[in-house]
Amino acid sequence: MSTTNTLTRRIPAARIQFLPEDRAWIAARIEEVLSTGMLTLGNYGKEFETRFAALCGVKHAVSVNSGTSALEIALRALGVERKDVIVPANTFFATAAAVVHAGGVPVLVDMDPESFAIRPEDIEPELTPNTAGIVVVHVGGLVSARLPDLQDFARRKGLWLVEDAAHAHGASYKGMMAGAFGVAAAFSMYPTKVMTSAEGGMLVTNDDRVAEEARIFRDQGKASFLVNAHTRMGYNWRMSEPHAIIGLKHLERLPAMIEDRRRVAALYDEALARFTSLRALKVPPGGLSNYYKYIAVMEPARDRKQLKAALREQFGVSLSGEVYEDPLHKQPVFERYARGPLPVAEDLCARHICLPLYSGMEDDEARQVIDALAAVFE
Ligand SMILES: Cc1ncc(COP(=O)(O)O)c(C=O)c1O
């Protein structure tokens, strides 16, 4: 174990990479749309949609201004007013908030310790005649091996399945891409995600009706771009052309950026296999994670705040944000949506860490993280 680099180099929790030639490409196209005035719902947005749909292997993609909007639009298109919607407890605020904003009631359920996702057995006890559907989250960019079971379960119960794929650009399980498992999926293009459009989101679907509804909802509920009849209670959820231009370039870089993350993840895998008190979350056989997060579970539990401070102050290593620090039923606004204790989520939310991981991360930086972890854990 070596701490020679201590404080000579800081490893950030995340780093957003735009190569110089990509910045120049983006700047030239933003100059172009500024000069033409085609600043929203234009050709770059359309191209971004076409290419993103191709990535996911689905028929339609509808670009919007955030992952949160994409989720809310999917839920509005499916109709959740006064209906119950199954949502994992270990997710970001926006997953459950989108259900509330669309007029539904989130029902928070416990999680699978193997994948951090939800399984049919977590959901079954919570079903009622008022349940409309299920939102599954590909936590950390890992598609659970239980997704085919979840699809089958939803079909048998007459429920729809929506993917919150905010973390999962380019991830897959047995050849099926994240975004292609549910009736609709929502991706986030927030800066810290595996790819970004600065801000933005994408709704993807194979369902012609959902796609059509999404285009209406994102533009103030207008029946079409040129017609002033408002047929849905929509909103301004549009993506601007400058955002689409940034997203297009990052989408082109996505395979290389994921490759880079996988290289670092492989170093972490190899090192953590020798640890006795830190267990890496396993990608299932047939799965390809995009490693939005590299998740590791502490066995036994440690004080995470203290641990993070020690790694930062003594070794210059900043851990990435958790998925998630607290389950949603511990958040004041969502307390009332859990129907009982959710012990797995409560335990694992407190007991995991996320290692720093970003495209462009060097092997030496990963080794500094591994040395620091070895010093504090082993
Ligand atoms: C699981 C999950 N769902 C939804 C969102 C919302 O995406 P956005 O920030 O683009 O609105 C995020 C973003 O951080 C997320 O992590």
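I began with a single pairing: Asp164 has Ala186 of strand 8 as its bridge partner. The model I am reading is predicted, and I keep that in mind for every entry.

**Strand 8.** I looked up how the strand carrying Ala186 is joined to others. Strand 5 and strand 8 run parallel, with three bridges between them. Strand 9, residues 201-205, runs antiparallel to strand 8, and five bridges join the two. There I found Ala184 standing opposite Thr205.

I then checked which way the side chains go. Ala184, Ala186 and Ser188 point one way from strand 8, while Ala185 and Phe187 point the other way. Both sets are buried. Since five of the five residues of strand 8 (184-188) are buried, the strand is largely enclosed by the rest of the structure.

**The ligand.** Which residues are closest to the ligand? I noted Ser66, Gly67, Thr68, Ala166 and Ser188, out of 14 residues that surround it. Helix 3 and helix 4 are the elements that give two or more residues to this shell. I sorted the shell by type and got five nonpolar residues, eight polar and one charged. Ser188 I had already met as a buried residue of strand 8.

**Helix 4.** Next I turned to helix 4, residues 93-101, and listed its buried residues: Ala94, Thr95, Ala96, Ala98 and Val99. I asked what covers them. The cover includes helix 3 (67-78) and strand 2 (84-88), along with strand 3 (105-109), strand 4 (131-137) and strand 5 (160-164). Strand 5 is thus in my notes twice, as it is also bridged to strand 8. Last, I looked past the end of helix 4, where Gly103 follows with a positive phi near 95°.

Conventions: Residues are numbered from 1 along each chain as its sequence is written. This is a predicted model: local features need pLDDT of at least 70, side-chain atom pairs count only at pLDDT 80 or more; totals for chains, interfaces and linings use all residues. A residue is buried if 20 or more other C-beta atoms lie within 10 Å of its own, exposed if 12 or fewer, and partly exposed in between; C-beta atoms are placed from the backbone. Helices (H or I, at least four residues) and strands (E, at least two) are DSSP runs, numbered from the N terminus. Two residues are in contact if their C-beta atoms, placed from the backbone, lie within 7 Å. A residue is near a molecule or strand if its C-beta atom, placed from the backbone, lies within 6 Å of it. Ala, Val, Leu, Ile, Met, Phe, Trp, Tyr, Cys and Pro count as nonpolar, Asp, Glu, Lys and Arg as charged, and the others, Gly among them, as polar. Two strands pair if DSSP finds at least two bridges between them.
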